[in-house]
Amino acid sequence: MNTPLLLIFLSLSLFSLFLSQAKDAPNPVLDINGTMVQEGFMYYVVPLDLEEAGLGFNLFSIGIENACPKSVFLAEPYYWSCLIAFHYPVNPDNKGVIREWTDLNIEIFFDKYTRPCPEPNLWKIDGDPSRANITTGGENGDLSSWFKIVKTQNGYKFMYCPSVCDHYRVVCKDVGISETDESRLVLSDTPFEFTFRRPETLVNDVATPVALDAIAPNPSIQDIESIM
């Protein structure tokens, strides 16, 4: 095979490989403006039926006041609440894009009214997976801390259904709202559906999405409050 034909053959092979990988990659998760959700950026989670009300998540102690870890609750209307970010996706996108049906960790940031905990701010399930609560204190790599973002008809939902380990059988459940414990997040057969919205900060009078590296590595209350 002469050199020009070899180059053409190699080019076609690389192009076919690229198309195959692009076809196999899950769809990117999009925010409310149609922009791809990215690792390392912070987001508000806004319920579908209250997109203008500023809903999201809050953290509260159960039982003993200020006890840790915190449980995750749906916030009250018209109150911009805790920000979240996504970390350590399995098979990460080289551009940092978060994709549907990909196991990842969810980090939640304490608002100005909540006393921080020493445990990691990563979400985890606490209890029997068939009826577990969602709390902080998760760890990267722990089976209880893997969640997926899944497309619904009108938005997205979180799902606990880790596929990172073949040695365990897991119960796949949606993240929903407790029917008996006010607005607490639990594993449920009825999903909580939402959209993503980026907080923005003004840089030279231009609205710019907030990345985690724009604030301190361990953000203080003042750091978070400045962008809420």
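## Confidence and backbone oddities

Across this protein, the confidence peaks in strand 8 (residues 148-151), with a mean pLDDT of 98, and bottoms out in helix 2 (residues 221-225), at a mean of 45. Keep in mind that the model is predicted. Overall, the protein averages a pLDDT of 78, and 71% of the residues score at least 70.

**Where to tread lightly**

- Residues 11-22 stay under 50 in pLDDT, and the model gives them zero contacts beyond four places in sequence.
- Residues 201-207 also stay under 50, but here the model has seven contacts beyond four places in sequence.
- Where pLDDT is low, the predicted coordinates should not be read in detail.

**A cis peptide bond**

- Cys68 and Pro69 are joined by a cis peptide bond, with omega at about -5°.
- Pro69 sits in the loop that runs between strand 2 (57-60) and strand 3 (71-74).

**Positive phi in one loop**

- Most residues other than glycine have a negative phi, and most peptide bonds are trans.
- Tyr88 is not a glycine, yet its phi is positive, near 50°. You'll find Tyr88 in the loop between strand 4 (84-87) and strand 5 (105-108).
- Tyr88 counts as partly exposed, since its relative accessible area is 43%, and partly exposed covers the range between under 20% and over 50%.
- Asn91 is another non-glycine residue with a positive phi, about 50°, and its place is in the loop between strand 4 and strand 5.
- With a relative accessible area of 72%, Asn91 is exposed.

How values were computed:
Residues numbered from 1 in each chain as written. Predicted model: local features only at pLDDT ≥ 70, side-chain atom pairs only at ≥ 80, totals over all residues. Heavy atoms only, no water. pLDDT = per-residue confidence, 0-100. Helix = DSSP H or I, 4+ residues; strand = E, 2+ residues; numbered from the N terminus. Contact = heavy atoms within 4.5 Å. Buried < 20%, exposed > 50% of the residue type's maximum accessible area, 1.4 Å probe, protein only.
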